Amino acid sequence: MQNSPVYNWEIDHGDPHDKNSNIIISVSPFTGLISKWRIILPAGYEGLIDWGIYSKEDQTINEPRGSFETDKITLQDGMEVIIKGGVESVSKSKPARVIVKNPPPSFMGFGFSEDENSPPKNIEGITFDDLPF
């Protein structure tokens, strides 16, 4: 079991005094590249604004090459999720980025797949359950 994080998570919670400000989540590897990456969100969450690969050069989010999206998937524990991602590699300078409305989803996961059409393995996640909204 791995105890240290594999991915670098950067979270901009926006203005804590403005319930309408968006939350920006960027995920990248600490080193190297990750291809066939996947973002996992609760299926019932309706606050997803944008997602893709963030370009620090022109400060835009672009749809990744080999874009991957699923419909609702029911996991073995009964939780329903959606998965989004791409085959274009993410790196420190080109992180995966998700913009969500406030309140954020209860959790978000990130991982990579062994091939273009399989679910992610080695998922790392964060939760937003304890935010004071």
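Of the 133 residues in the protein, 41% are buried. The model is a predicted one, and a quick tour of its overall build comes before a closer look at one serine.

The secondary structure is easy to sum up: 11 strands and 0 helices. Read from the N terminus, the elements go β-β-β-β-β-β-β-β-β-β-β. The radius of gyration comes out at 14 Å, close to the 14 Å expected from the globule rule for 133 residues, so the protein is as compact as a globular protein of that length. As for overall dimensions, the C-alpha trace spans about 40 × 40 × 30 Å along its principal axes. Among contacts with a separation of 6 or more, 64% join residues that sit 24 or more positions apart.

On the outside, the accessible surface adds up to about 8000 Å², with 47% of that belonging to carbon and sulfur atoms. Charged side chains number 12 positive and 20 negative, and the centres of these two sets are 4 Å apart.

Now for the serine. Serine 21 sits in the loop that links strand 1 (7-12) with strand 2 (23-29). Its relative accessible area is 11%, which is under the 20% cut-off, so serine 21 counts as buried. Once neighbours within four places in sequence are set aside, the residues in contact with serine 21 are His13, Gly14, Asp15 and Asn102. With aspartate 15 there is also a polar pairing to point out: a polar atom of the serine 21 side chain lies 3.1 Å from the backbone nitrogen of aspartate 15.

How values were computed: Residues numbered from 1 in each chain as written. Predicted model: local features only at pLDDT ≥ 70, side-chain atom pairs only at ≥ 80, totals over all residues. Heavy atoms only, no water. Helix = DSSP H or I, 4+ residues; strand = E, 2+ residues; numbered from the N terminus. Buried < 20%, exposed > 50% of the residue type's maximum accessible area, 1.4 Å probe, protein only. Polar contact = N/O pair within 3.5 Å; in protein donor to acceptor, adjacent residues only side chain to side chain. Contact = heavy atoms within 4.5 Å. Rg over C-alpha atoms; globule rule 2.2 N^0.38 Å. Areas by Shrake-Rupley, 256 points an atom, 1.4 Å probe, with all protein chains shown as cover. Lys, Arg positive; Asp, Glu negative; His and termini not counted. Charge placed at Lys NZ, Arg CZ, Asp CG, Glu CD.
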